Amino acid sequence: AILAKGVAREGARPQLSHHRALPNMAEVEEQDITELEQQDGDLKEILASAENTDEAAAPAEESSDDDAVDVEEHLKDAVEGSLRLKRLLSRNDDAPGEKKRKVTAAEAEKDKKVKLLLIKWGLAQDKVVKHVLDGSSVEDLDELIKSGYVPDKFNEWKTTCELLTRYMCEMRERKLPRGTACDAVAAFAHRWKLDLAKDKVLRGLKHGELRFVLSTYDGSKELKEVIEEAQNEDHIDDYTTAASVPQAPGLAAMSRFTRLELIDPMADAAVFGDANLTFALKLAKHRKALGHVGRVIATTFEDLDTLRERYKEIDDSIKTLEQDYFAEVWHGVDCTRIAIDDKFKGLEKSLGAVYYNFPHSGAIGGFFDGHPVVNWRHENLMRLFFRSLRTYVKPGGFVKVASNCGAVGVRFSYIIGGALENEFLHIETVPFLEWHLHRYGRSYGDKRDIYKRPDASNNQSYNAQAADRDMVYCFCYAPTGAKLGPQQVRLPPNLKTLNACTDGPFKSVQGKAKETLAQQLHNRFVTEISGTHVG
């Protein structure tokens, strides 16, 4: 039997290759599925629902948080993903007396692929690996099957579920722009799948011509025609900063605009997650020097009392922002739930620039950021962040997210992918050290700041990552007017998965202690998604 073979292989010498050939899915015999049914009792129900599509009903209605949270109709889309994620976390399908949710034919077919992969890998009992596969799309599962990938069960450094998560992330990242420095032409060429010859032509254009092409090309005409229009266009416009120096080398001029932070002087700018407010001070000073009249809205996730415990200078920073730069400082702001935050009422379509530097959902003791039990929080942070911004960023407004290109928590693909899902075009990736606003006092943004004091004077406050790999991912909001579907979210682990986990803090606990730890971690997830800071 295939499960017995999997056990026999446990004592075998591990192979060095992570890409061993995967047998054809059609070769799996019915008896293999029967054996797995005995291991996991719900497969019969799933396969039966796939065979009888007439009886397969839509998922049962879940209790909605919308009644408990006052959300205006035009803001529901901005917060729906966050509320749905909270419902998923709060639901416990394994509780006694809990009514089992019916599955659709499509869900049954996906579940069948997951089961068959688990059989092939000899991981039918690994609930965390199953959780990773369950949270993947059908397209990702098909690509995974086609690739022949088999996770290394004998790796000395990473667990099987971590290796699988990393491989699937890298698989998706091959379809996105690279995570390192990417100029405006390279980003445009990737978006429209242009060849090297067209890329070379664009790099030879003047500033006015290049900006015209990048802003007007929509694929309906040949690129050559749009370039000819650009060369015949009068690019002199005394009323916009972007139209200045039209005869300058195109790519160099556009790169300077991004690096020098030449944004709309009339529009408001919002900063999210700025724990010690040093970046907001930098931005406010910069805008005042340029004569901007738009407000700076500085926000922190923590409340003021927590900030005072960690940063002794916080009251002086707030006073400087409010009195010297006429900025607004708001505390306790969850950037994924601003639609239900009264402080943002009336700010729809008013933000011309948004900043979120080094986003992170918080460390959980015992787990690396890339572990699937905790990593879903980082991916959903970016997805829900960009969805919430759609209501408040005006068309053409800019969003900049700084992060390390090698980060395994908030991966660069989470940032770019979350933006693209919500109609924020990726326009450039700038090395952080080349950005005019990079000299501010970075901090950890958690309890470590109490004893690891920020040192804003020489910018040595944070050295946990290589500075030369820090990037600023730049986006422009370009809504098409089409109605987007519900925001996709990465599924959180349920209590059953947490109880089956043997990694991190679960490695050394058993029995009742493990169940208690699983419940505590689950409660923390619910608290975090509700907008309450933990850690």
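## A tour of the chain, stop by stop

Start by selecting S317: with a relative accessibility of 7%, this residue counts as buried. Keep in mind as you go that you are looking at a predicted model. S317 sits in helix α16, which covers residues 314-324. Show its surroundings and leave out residues up to four places away in sequence: S317 then touches N276, L277 and L281.

**Zoom out**

Now show the whole chain as a cartoon. You should find 20 helices and 7 strands. Of the 535 residues, 49% are buried. Turn on the surface if you like: the accessible surface is about 26,300 Å², and carbon and sulfur atoms account for 51% of it. Take the contacts between residues at least 6 apart in sequence, and 78% of them join residues at least 24 apart.

**The strands**

Next, select β4, residues 351-357. Is this strand buried or exposed? Here 7 of the 7 residues are buried, so β4 is largely enclosed by the rest of the structure.

Bring in β1 (268-272). β1 and β4 run parallel and are joined by 5 bridges. To see them lined up, pick D268, which stands opposite L351 in β4.

Then add β5 (393-404). β4 pairs with β5 in the parallel sense too, over 6 bridges. Two residue pairs are handy for checking the register: A353 has F398 in β5 as its bridge partner, and Y356 stands opposite V401, also in β5.

Switch on side chains for a moment while these strands are up. In a regular strand, side chains alternate between the two faces of the sheet.

One more strand to add: β7 (470-477). What is the sense of its pairing with β5, parallel or antiparallel? β5 and β7 run antiparallel, with 7 bridges between them. Select S403 and you will find M471 of β7 opposite.

Now add helix α17 (372-389). Together, β4, α17 and β5 form a right-handed β-α-β unit.

**Into the core**

Stay with these elements and colour the nonpolar residues. The largest nonpolar core has 40 residues, and the members that touch the most others are F272, M382, F385, F386, L389 and V399. Elements giving two or more residues to this core include β1, β4, α17, β5 and β7, along with the helices α4 (76-90) and α18 (412-421).

Which residues does M382 contact once its neighbours within four places in sequence are set aside? Select them around M382: Y356, P359, V401, V410, Y414, I415 and G418. You have met two of these already, since Y356 and V401 are the pair that stand opposite each other in β4 and β5.

A second core lies apart from the one around M382. This other core has 39 residues, and V114, V129, L498 and F506 are among them.

**Helix α8**

Move on to α8, residues 160-173. From first C-alpha to last, this 14-residue helix reaches 20 Å, close to the 20 Å expected at 1.5 Å a residue. Because 11 of its 14 residues are buried, α8 is largely enclosed by the rest of the structure. The buried ones to select are T160, C161, E162, L163, L164, T165, Y167, M168, C169, M171 and E173. Among the elements that cover them are α5 (105-121), α6 (127-134), α7 (138-147), α17 and α18.

If you look down the helix axis, it helps to remember that an α-helix has 3.6 residues a turn, so residues three or four places apart point the same way.

**Two last stops**

Select D341, in the loop between β3 (328-330) and β4. Is D341 buried or exposed? At 13% relative accessibility, D341 counts as buried, because the cut-off for that is under 20%. Leaving out residues up to four places away in sequence, D341 touches G332 and V333.

Finish at S90, in helix α4. S90 has a relative accessible area of 48% and is partly exposed. Now put a distance between the C-alpha atoms of S90 and H522: the separation is 8.9 Å, although the two residues are 432 apart along the chain.

Note on methods. Residues are numbered from 1 along each chain as its sequence is written. This is a predicted model: local features need pLDDT of at least 70, side-chain atom pairs count only at pLDDT 80 or more; totals for chains, interfaces and linings use all residues. Side-chain values use heavy atoms; hydrogens and water are left out. A nonpolar core is a set of buried Ala, Val, Leu, Ile, Met, Phe, Trp, Tyr and Cys residues joined through side-chain atoms within 4.5 Å. Buried means under 20% relative accessible area, exposed over 50%, partly exposed in between (1.4 Å probe, protein chains only). Helices (H or I, at least four residues) and strands (E, at least two) are DSSP runs, numbered from the N terminus. Contact means heavy atoms within 4.5 Å. Accessible areas come from the Shrake-Rupley method with a 1.4 Å probe; for residues, only the protein chains shown count as cover. Two strands pair if DSSP finds at least two bridges between them. A crossover is right-handed if, with the strands pointing away from the viewer, the path from the first strand over the helix to the second runs clockwise. The expected span of a helix is 1.5 Å times one less than its number of residues.
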